Amino acid sequence: MKLYEPHQAHSFDLHGLEGISDQTLEMHLKLYEGYVKATNKLRTQLYEIIKDGKVDQEQMPVYSELTRRLGFEYNGMVLHEYYFSNLTRGSGGLPKPQGAFAEIAKDSFGSFDLWRTDFASVGMMRGVGWAICYLDPANGRVSNHWVSLHENGNIAGFLPLLVMDVWEHAYLLDYKPSERSDYIEAFFSNVNWKMVEERMELGVPAL
Ligand SMILES: [Fe+2]
């Protein structure tokens, strides 16, 4: 029996977005597939080490390094899946969502516009990483966070509602490095708010 099932790369049909070219998406999806392969490979390598029922002293340095790398590759894979699936063409470039997310953003930040300013500002932070709006399932509030690389800064138990890749590969074919704010505006004009609200339903406490 296998210890785990290898992850299969999801397919995303996202051509025709506003301000994010098909060329960028094609390159970006290939990069995502690389994370899927690397995750599966690491898990296989780790299984090979533990299958004898022990990790001896000699194996421990390799086991440790592979396990650390798993956090990078695994989060890289999963965050890209969140990112691609919270984009859609033909979202109409709505300046703001009309439904439950608009309400929760207002409750958490005072207004949707303040939430948006905060999210965009997190996305403008210098460095390589992600801007993520999480739902805290304990209180039904949202907060925006910076995640360095893929794995540093994720909040345990929080549910990602909206995920924005701000690694330069996400926009460098369409914008200069100094034009990240233009990419962020393009991102907003393609957000699949319906998906964001579906994610909310998974995490809102029943109380
Ligand atoms: Fe990316």
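Me: How many salt bridges cross the interface of domain 1 and domain 2?
Reply: A salt bridge is a side-chain nitrogen of Lys or Arg within 4 Å of a carboxyl oxygen of Asp or Glu. By that rule, zero cross the interface of domain 1 and domain 2. Keep in mind that this is a predicted model, where local features need pLDDT of at least 70, side-chain atom pairs count only at pLDDT 80 or more, and totals for chains, interfaces and linings use all residues. Residues are numbered from 1 along each chain as its sequence is written, and side-chain values use heavy atoms, leaving out hydrogens and water.

Me: Where are the two domains?
Reply: Domain bounds come from an automatic or database domain assignment. Here that gives 22-85 for domain 1 and 100-203 for domain 2. Their C-alpha centres lie 24 Å apart.

Me: How many residues of each domain are in contact?
Reply: Contact means heavy atoms within 4.5 Å. Domain 1 brings 16 residues and domain 2 brings 21.

Me: What area do domain 1 and domain 2 bury between them?
Reply: Buried area is the accessible area (1.4 Å probe) that two parts lose on being put together, summed over both. The value is about 1600 Å², with 64% of it on carbon and sulfur atoms. Within domain 1, the most area is lost by Leu79, Tyr82 and Tyr83, together 39% of what that side buries.

Me: How many residue pairs are in polar contact across the interface of domain 1 and domain 2?
Reply: A polar contact is a pair of N or O atoms within 3.5 Å; within protein, one must be able to donate a hydrogen and the other to accept it, and residues adjacent in sequence count only if both atoms are side-chain atoms. The rule finds eight such pairs, both residues at pLDDT 80 or more.

Me: Which helix gives the most to the side of domain 1 that touches domain 2?
Reply: Helices (H or I, at least four residues) and strands (E, at least two) are DSSP runs, numbered from the N terminus. Both α1 (22-50) and α2 (60-85) supply at least two residues of that side. Helix α2 gives the most, with 10 residues.

Me: Is His28 buried or exposed?
Reply: Buried means under 20% relative accessible area, exposed over 50%, partly exposed in between (1.4 Å probe, protein chains only). His28 is at 0%, so it is buried. This residue is found in helix α1. Its side chain makes a polar contact with the side chain of His169, at 3.0 Å. Leaving aside residues up to four places away in sequence, His28 touches His80, Tyr83, Phe84, Asp165, His169 and Ala170.

Me: Why is helix α5 largely enclosed by the rest of the structure?
Reply: Because seven of its 10 residues (180-189) are buried. Among them are Tyr183, Ile184 and Phe187. The buried residues of α5 pack against α2, α4 (112-123), β2 (141-148), β3 (159-165) and α6 (193-203).

Me: How many salt bridges does the structure hold?
Reply: Side chains of opposite charge can pair when their charged atoms come close. This structure holds five salt bridges. One of them joins Arg89 to Asp13, with the closest N and O atoms 3.3 Å apart. Arg89 lies in the loop between α2 and α3 (100-109) and Asp13 in the segment before α1, so the pair ties together parts 76 residues apart in sequence.

Me: Which residue forms a salt bridge with Lys194?
Reply: Glu198 does, with the closest N and O atoms 3.4 Å apart. The two are four residues apart in helix α6, about one helical turn. Glu198 counts as partly exposed at 38% relative accessibility, and Lys194 as exposed at 60%.
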